[in-house]
Amino acid sequence: MSSVKDNLSRSIELTDSESARLDIEVLLAHILGRERTWLYTWPEYELSPSEQEELDALLARRKNGEPVAHLTGVREFWSLTLKVDASTLIPRPDTELLVETALELCPQEKLRALDLGTGTGAIALALASEKPGWQIVAAEKSPAALALAEENRKRLGFANVQILESDWFAQLPPQQFGLIVSNPPYIDAADPHLAQGDVRFEPHSALVAPHQGLADIERIARGAADFLQGGGWLMVEHGWQQAESVREIFSAAGYCAVESRKDYSGWERITLGRKN
């Protein structure tokens with residue numbers, strides 16, 4: 001049998017991972033049903049044969065490139081534990097910037113908000129956790145992702161979030177929101193990064209958009225005008241090289257106070273605008 005300490009040293013096997021040590025910690029903690037800090041409190045704990053077999057199997061899949069979140073079935077986002085699967089994107093820490101900015105610009109305790117392309121429900125549920133007085137609609141066109149978002153909503157108990165099936169605005173009844181947020185597909189189909197890392201195991205429909213990755217952002221910017229109340233905010237996440245193009249799209253669609261915000265690495269990754 002091998003100890004926790006022995007297995008932690010196996011991070012060197014994950015040569016293609018940029019977070020090898022974290023990967024092994026998360027997988028070990030998942031198998032043992034413990035917090036990661038426990039691993040360092042009890043480094044001599046000996047894994048049972050079944051625990052070791054499960055870890056070996058998960059490590060083999062991780063070496064093949066499968067995302068850790070798919071291996072454990074969960075991902076933390078905004079302190080919420082979300083169920084994830086291959087039907088949608090894995091929530092990324094950088095997307096928390098969208099939540100932070102929405103909360104900064106919309107401090108009111110009563111607001112109607114819309115999360116377009118909600119996926120796991122991450123953005124909508126994070127906003128709901130901070131603003132119990134908000135009424136939030138989370139729209140998603142993928143039936144599998146829709147079911148996943150609803151499962152996360154029910155498990156976390158957010159009654160102020162409504163999950164609806166809609167291809168962007170197409171199936172939404174006429175209504176007004178004070179905030180519309182989205183993390184839409186924004187990667188160019190020719191981007192070589194699509195053949196690398198975790199994104200190989202995520203749905204291309206949630207990653208790729210025509211027109212150099214800008215088509216869905218253009219569609220959202222045009223459509224949001226009919227659903228935003230006066231003074232309401234639209235904000236989207238986009239690629240690190242797209243900020244200028246997205247600002248132009250927002251300005252052309254008639255939004256004012258258009259600006260981009262930088263992520264934790266210093267890249268402009270979200271753009272926002274306000275309806276007059």
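1. Let me start on the outward side of helix H10, where Glu244 and Ala252 are exposed. Keep in mind that this is a predicted model. The opposite side of H10 holds its buried residues, namely Ala243, Val246, Ile249 and Phe250. Looking down the axis of H10, these buried residues fall within an arc of 120 degrees, so they line one face of the helix. As a reminder on the geometry, an α-helix has 3.6 residues a turn, so residues three or four places apart point the same way.

2. What do the buried residues of H10 pack against? They pack against helix H9 (215-224) and the strands E7, E8 and E9. The helix itself, residues 243-252, lies across strand E7 (228-237), E8 and strand E9 (268-274), and runs at about 10 degrees to E9. Just past the end of H10, Gly254 has a positive phi of about 100 degrees.

3. Now the helix pair. The axes of H9 and H10 come within 9 Å and cross at roughly 25 degrees. Angles under 35 degrees count as roughly parallel, and H9 and H10 are therefore roughly parallel to each other. The crossing of H9 past H10 is right-handed. On the H9 side, the contact is made by Ile217, Glu218 and Ala221, and on the H10 side by Val246, Ile249 and Phe250. Those H10 residues are also on the list of buried ones.

4. Next, the sheet. It is an open sheet of seven strands in the order E5-E4-E3-E6-E7-E9-E8, with mixed pairing. Why do E5 and E8 each have a side without a neighbour? Strand E5 (161-165) and strand E8 (256-262) stand at the edges with a single partner strand each, so one side of each is left without a neighbour in the sheet. From one strand to the next, the twist averages 15 degrees.

5. Have a look at E3 and E4 too. Strand E3 (residues 112-116) and strand E4 (residues 135-140) run parallel and are joined by five bridges. Arg112 stands opposite Gln135 in E4. Another helix, H7 (residues 122-130), lies across E3, E4, E5 and strand E6 (177-182). The direction of H7 is at about 170 degrees to E4, whereas H10 runs at about 10 degrees to E9.

6. Two backbone angles deserve a second look. Most residues other than glycine have a negative phi. Ser79, though, has a positive phi near 65 degrees, and Trp168 has a positive phi near 55 degrees. Where do they sit? Ser79 is in the loop between strand E1 (74-77) and strand E2 (80-83), while Trp168 is in the loop between E5 and E6.

7. Are these two loop residues buried or exposed? Ser79 is exposed, at a relative accessible area of 70%. Trp168 counts as buried, because its relative accessibility is 9% and the cut-off for buried is under 20%.

8. Finally, some totals for the chain. There are 10 helices and nine strands. Of the 276 residues in the chain, 51% are buried. Taking contacts between residues at least 6 apart in sequence, 66% join residues at least 24 apart.

Definitions and conventions:
Residues are numbered from 1 along each chain as its sequence is written. This is a predicted model: local features need pLDDT of at least 70, side-chain atom pairs count only at pLDDT 80 or more; totals for chains, interfaces and linings use all residues. Side-chain values use heavy atoms; hydrogens and water are left out. Two strands pair if DSSP finds at least two bridges between them. Helices (H or I, at least four residues) and strands (E, at least two) are DSSP runs, numbered from the N terminus. Axes are lines fitted to C-alpha atoms, for helices over the stretch in contact, and angles run from 0 to 180 degrees between N-to-C directions. Contact means heavy atoms within 4.5 Å. Buried means under 20% relative accessible area, exposed over 50%, partly exposed in between (1.4 Å probe, protein chains only). The arc is that of the directions from the helix axis to the C-beta atoms. Angles under 35 degrees count as roughly parallel, over 145 as roughly antiparallel, 65 to 115 as roughly perpendicular and the rest as oblique. A crossing is left-handed if the near helix is turned anticlockwise from the far one by less than a right angle, and right-handed if clockwise.
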